[in-house]
Amino acid sequence: MSKRRRSAIFILCLLLTAAFVWLDHSPIRRTWQTRPKSKEQAKHYDFEKYHEKTFTVLNVVDGDTIDVDVPDGEYNHTRIRLWGIDTPETKNPQTGVMYFGPEAAEFTRSLSLGKKVIIYLDEDNRTRDKYNRLLAYVKLPDGRFLNEVLLSEGFAYADTRFRHGFYNKYKQLEASARSQKKGLWLKVTPEQMPKWRRQGKNQNR
């Protein structure tokens with residue numbers, strides 16, 4: 001074998017090794033490895049990974065949406081949509097900034113950003129919405145659940161489109177905040193409410 005051919009083979013081996021090393025550490029491989037094949041496998045995977053586990057809140061996207069410090073597929077964080085509630089939008093281009101949206105986002109930020117929280121999933125329900133966000137109840141360091149605090153203080157609506165483990169409790173929490181005119185309930189008008197709330201229609205997340 002000639003010296004030139006040996007050098008070419010050596011270089012090819014180096015390139016292949018480098019390619020395997022890159023793939024081993026790349027988001028592509030992580031996605032292949034961790035993405036379950038069926039809904040039941042996906043649910044089991046989410047329970048193993050998240051349920052009753054503690055994470056740090058890295059970012060508050062909106063009043064009802066946060067990011068925590070654990071990779072999820074190709075992302076270096078997991079996006080969580082709070083189960084059972086709906087806060088007014090601040091980032092949705094279709095609705096624009098809704099009444100009391102900034103206040104709800106700031107309230108969530110003040111309670112959770114940078115804090116260690118415990119994630120709970122609904123055992124009798126799905127774990128993801130149609131945007132692949134994790135659906136969860138989020139327990140704050142003081143023992144309260146963020147979902148419930150937002151309802152109790154009038155920063156969120158009880159989301160009656162989707163059944164979950166605390167469906168009736170959340171309706172009662174909203175009713176109490178509404179009767180006391182807390183938060184958005186002091187001045188909100190029907191026109192300022194979410195479309196689903198005005199129409200009273202069910203939708204799939």
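**Barrel, crossing helix and ring pairs**

Leaving aside neighbours within four places in sequence, His-51 touches Asp-46, Ile-119, Tyr-120, Leu-121 and Glu-123. This residue belongs to the loop between helix 3 and strand 1. With a relative accessible area of 14%, His-51 falls under the 20% cut-off and so counts as buried. The structure described here is a predicted model, and the contacts of His-51 offer a handy way into it.

The loop that holds His-51 leads from helix 3 to strand 1, and strand 1 belongs to a closed barrel. Five strands make up this barrel, in the order 1-2-3-6-5, and their pairing is mixed. On average, neighbouring strands of the sheet are turned by 60 degrees against each other, if direction is ignored. In general, the strands of a sheet are held in pairs by backbone hydrogen bonds, in either the parallel or the antiparallel sense.

Going round the barrel, strand 1 (residues 53–62) pairs with strand 2 (residues 65–68) in the antiparallel sense, over 4 bridges. The two form a hairpin, with 2 residues between them. Within this pairing, Val-57 sits opposite Val-68 of strand 2, while Asn-59 has Asp-67 as its bridge partner in strand 2. Strand 1 also has a partner in strand 5: these two run antiparallel and are joined by 4 bridges. Here Thr-54 has Ile-118 of strand 5 as its bridge partner.

Strand 6 brings in the parallel part of the mix. It runs parallel to strand 3, with 3 bridges joining the two, and Arg-81 stands opposite Leu-135 of strand 6. Towards strand 5, strand 6 is antiparallel, again with 3 bridges. Ile-119, one of the residues that His-51 touches, faces Val-138 in strand 6. Strand 6 is also mostly covered, as 5 of its 6 residues are buried.

Which strands does helix 3 lie across? Helix 3 (residues 39–50) lies across strand 1, strand 3 (78–82), strand 5 (116–120) and strand 6 (134–139). Relative to strand 1, the helix runs at about 105 degrees.

Now for the rings. There are 9 aromatic pairs in the structure. One of them is the stacked pair of Phe-107 and Phe-155, with 4.1 Å from centre to centre and 10 degrees between the planes. These two come from distant parts of the chain, 48 residues apart: Phe-107 is in helix 4 (residues 101–112), and Phe-155 is in the loop between helix 5 (146–152) and strand 7 (157–158). Both Phe-107 and Phe-155 are buried. Tyr-157 and Trp-185 make another pair, this time edge-to-face, because their planes stand at 85 degrees, with the ring centres 5.5 Å apart. Since Tyr-157 is in strand 7 and Trp-185 in the loop between helix 6 (167–179) and helix 7 (195–199), the pair ties together parts that are 28 residues apart in sequence. Tyr-157 and Trp-185 are buried as well.

Ring pairs also build a cluster, which links Tyr-99 and Phe-100 with Phe-107 and Phe-155. Trp-185, besides its pairing with Tyr-157, has the charged end of Arg-178 over its ring, 5.5 Å from the centre. A further arginine, Arg-163, lies over the face of Tyr-167, at 3.9 Å from the ring centre.

How values were computed: Residues numbered from 1 in each chain as written. Predicted model: local features only at pLDDT ≥ 70, side-chain atom pairs only at ≥ 80, totals over all residues. Heavy atoms only, no water. Pairing = 2+ DSSP bridges. Axes fitted to C-alpha atoms, helices over the stretch in contact; angles between N-to-C directions. Contact = heavy atoms within 4.5 Å. Buried < 20%, exposed > 50% of the residue type's maximum accessible area, 1.4 Å probe, protein only. Phe/Tyr/Trp six-rings, centres within 6.5 Å; stacked < 30°, edge-to-face > 60°. Lys NZ or Arg CZ within 6 Å of the ring centre and 35° of its normal.
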